[in-house]
Amino acid sequence: MLVTVYVALAALGLVCAGLELAARRASPPQLSAANPAFRSFQTLFLRGYLPALCADWLQGPYLYKLYRHYNFLESQIAILYVCGLGSCALFAPVAAWLPQALGRRGACLLFCVAYSACCFTKLSRDYFTLILGRVLGGLSTSLLSTAFEAWYLQRHLGARDFPREWIPATFARAGGWNHGLAVGAGLAANLLAEWAGLGPVAPFLLAVPFLAGCGWVVLWEWGREEAEGEAEQGGPLLGAPSTLPPGPGPSTRARLWRSALDGLRCLLADRRVVLLGVVQALFESVLYIFVFLWTPVLDPHGPPLGLVFSCLMAASMAGSSLYRLATSPRGRLQPLPLLCAAVLLVAVALGVLTVSTAPGRPRPLRSFLAFLLLELGCGLYFPAVAFLQSRVVPEDRRGAVLAWLRLPLLLLACLGLLALHGEVSGSGGGEGGAGTSHMFGGCAVMMGSALLAAGGLLALGRHDDHLRLGEGDM
């Protein structure tokens with residue numbers, strides 16, 4: 001396994017470099033790249049956003065390993081993961097409101113404080129302290145996906161008045177960095193936890209300086225950006241913390257309720273949105289379960305988990321670059337067929353994992369390769385589903401619709417982990433029984449259902465130009 005991991009990492013690095021180079025050559029130049037003011041503002045945003053992403057990735061490779069290091073059973077670890085998923089669901093509407101209540105920059109600072117506290121809870125062996133850490137992690141994850149984007153959009157459209165068409169350029173650039181940071185985070189985590197012998201808690205402590213750096217940029221550099229904007233416009237900007245209401249009054253609650261109902265109506269009124277929501281709920285709930293299962297499948301066979309994590313992220317990066325190349329003017333493929341291909345790849349990977357994790361006949365090498373195939377499918381899936389969401393969900397209702405879609409996917413993931421917990425507990429608390437294989441089999445069935453929904457969406461999209469990339473999009 002050790003040799004396989006090193007060879008896979010080297011091979012994936014070469015593949016990613018080749019695909020990225022080919023994708024850049026095939027993509028047309030962007031007008032936003034020629035604007036120095038926009039590039040400067042974009043860099044300012046990324047200086048605060050990228051350390052936050054890096055801190056998040058550092059906590060991925062050794063989370064399960066840390067709980068096993070503290071001698072918790074798999075059933076107990078499953079409950080910890082369920083607490084994290086449940087807190088994500090509970091805090092999703094709160095995270096959408098906090099940038100309005102605290103100010104966008106204040107919500108970003110709350111993310112830094114909450115995630116730092118989450119990291120420090122990992123020093124404790126107390127089960128309820130670790131549950132508190134998972135709750136803080138759920139709040140932080142929700143803020144990471146809302147607060148930073150809210151600050152950027154307000155400055156881009158409101159204060160700076162840049163064209164709306166330039167927004168995807170920033171998040172495409174952030175996405176490119178995000179994959180590289182994920183690979184680097186796995187290497188750094190492995191360096192500290194295994195090569196330096198500091199144990200599985202070390203990557204969590206390494207995340208704290210990145211969060212502190214993020215907080216410094218948000219507090220001072222983003223604050224200077226806002227102050228300069230206020231000075232130019234002769235007063236506080238709309239959305240600054242000083243101009244916002246102190247809390248969720250009746251009118252705020254009524255607006256949130258109306259927004260939620262409008263999102264639900266939008267979701268149910270369009271068959272395309274329903275089918276896309278089914279694909280997203282099934283696909284991403286399987287990913288949450290996969291995040292829990294990959295470590296116990298491979299760890300007993302001794303591979304360095306940080307390097308395995310880097311391999312998985314490199315495979316996802318390859319899938320993302322492959323999507324960009326396929327949808328370029330040279331490739332001329334459409335997102336809908338690529339979405340179907342992504343779901344099919346993951347379904348095949350889960351079918352292989354159902355066999356390779358069967359009790360008494362573990363095949364770790366086959367499981368590792370199946371995990372890489374799964375991550376390749378994820379790299380294709382996320383840009384495809386993001387494009388389709390932008391086309392079928394109205395922009396003013398997108399946040400509410402996506403919040404509704406998160407509920408079933410988190411519920412499915414929680415039910416899957418609770419089912420695994422029940423199976424492990426029912427077997428007397430033993431580890432490594434048939435529960436993992438059964439869970440992958442159930443995930444394969446879910447992904448098969450997602451493939452049917454994606455096929456239905458593909459049939460609808462054949463005669464719908466709105467679901468296709470135009471000449472100007474390639």
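# Exercises on a helical chain

Of the 474 residues of the chain, 51% count as buried. The model you are looking at is predicted, so let us begin with how far to trust each part.

## Exercise 1: Confidence

Task: Find the average pLDDT of the chain, and the stretches where pLDDT stays under 50.

Solution:
- Step 1. The average pLDDT over the chain is 84, and 85% of the residues score at least 70.
- Step 2. Now look for weak stretches. Residues 236-248 stay under 50 in pLDDT, and the model gives them 27 contacts beyond four places in sequence.
- Step 3. Residues 427-432 also stay under 50, with eight such contacts.

## Exercise 2: The overall fold

Task: Count the helices and strands of the chain, then describe its contacts and its surface.

Solution:
- Step 1. The chain has 16 helices and zero strands.
- Step 2. Take the contacts between residues at least 6 apart in sequence: 84% of these join residues at least 24 apart.
- Step 3. The accessible surface is about 20400 Å², and carbon and sulfur atoms account for 66% of that area.

## Exercise 3: A tilted pair

Task: The structure holds 28 aromatic pairs. Classify the pair formed by Phe41 and Phe162, and say which parts of the chain the pair ties together.

Solution:
- Step 1. A pair of aromatic rings is described by the distance of the centres and the angle of the planes.
- Step 2. The ring centres of Phe41 and Phe162 are 6.0 Å apart, and the planes meet at 35°.
- Step 3. Planes under 30 degrees apart would be stacked and those over 60 edge-to-face, with the rest tilted. The angle of 35° therefore makes this pair tilted.
- Step 4. Phe41 belongs to helix α2 (residues 36-58), while Phe162 is in the loop between α7 (147-159) and α8 (167-195), so the pair links parts that are 121 residues apart in sequence.
- Step 5. Buried means under 20% relative accessible area. Phe41, at 0%, is buried, and Phe162, at 10%, is buried too.

## Exercise 4: Two tryptophans

Task: Do the same for Trp151 and Trp222.

Solution:
- Step 1. The ring centres of Trp151 and Trp222 lie 3.9 Å apart with planes at 10°, so this pair is stacked.
- Step 2. Trp151 sits in helix α7 and Trp222 in helix α9 (residues 202-233), so the pair ties together parts 71 residues apart in sequence.
- Step 3. Both Trp151 and Trp222 are buried.

## Exercise 5: Helix α7

Task: Check the span of α7 against the expected value, and name its buried residues.

Solution:
- Step 1. The expected span is 1.5 Å times one less than the number of residues. For the 13 residues of α7 this gives 18 Å.
- Step 2. The end C-alpha atoms of α7 are 17 Å apart, which agrees.
- Step 3. The buried residues of α7 are Ala147, Phe148, Trp151, Tyr152, Gln154, Arg155, His156 and Ala159.

## Exercise 6: Positive phi

Task: What are the phi values of Asn71 and Asp161, and are these residues buried or exposed?

Solution:
- Step 1. Asn71 has a positive phi near 70°, although Asn71 is not a glycine. Asn71 lies in the loop between α3 (63-69) and α4 (74-102).
- Step 2. Exposed means over 50% relative accessible area. At 63%, Asn71 is therefore exposed.
- Step 3. Asp161, which follows α7, has a positive phi near 60°. The loop between α7 and α8 holds Asp161.
- Step 4. With a relative accessible area of 61%, Asp161 is exposed.

Definitions and conventions: Residues are numbered from 1 along each chain as its sequence is written. This is a predicted model: local features need pLDDT of at least 70, side-chain atom pairs count only at pLDDT 80 or more; totals for chains, interfaces and linings use all residues. Side-chain values use heavy atoms; hydrogens and water are left out. Rings of Phe, Tyr and Trp (its six-membered ring) pair if their centres lie within 6.5 Å; planes under 30 degrees apart count as stacked, over 60 as edge-to-face and the rest as tilted. Helices (H or I, at least four residues) and strands (E, at least two) are DSSP runs, numbered from the N terminus. Buried means under 20% relative accessible area, exposed over 50%, partly exposed in between (1.4 Å probe, protein chains only). Contact means heavy atoms within 4.5 Å. Accessible areas come from the Shrake-Rupley method with a 1.4 Å probe; for residues, only the protein chains shown count as cover. pLDDT is the predictor's confidence in each residue, from 0 to 100.
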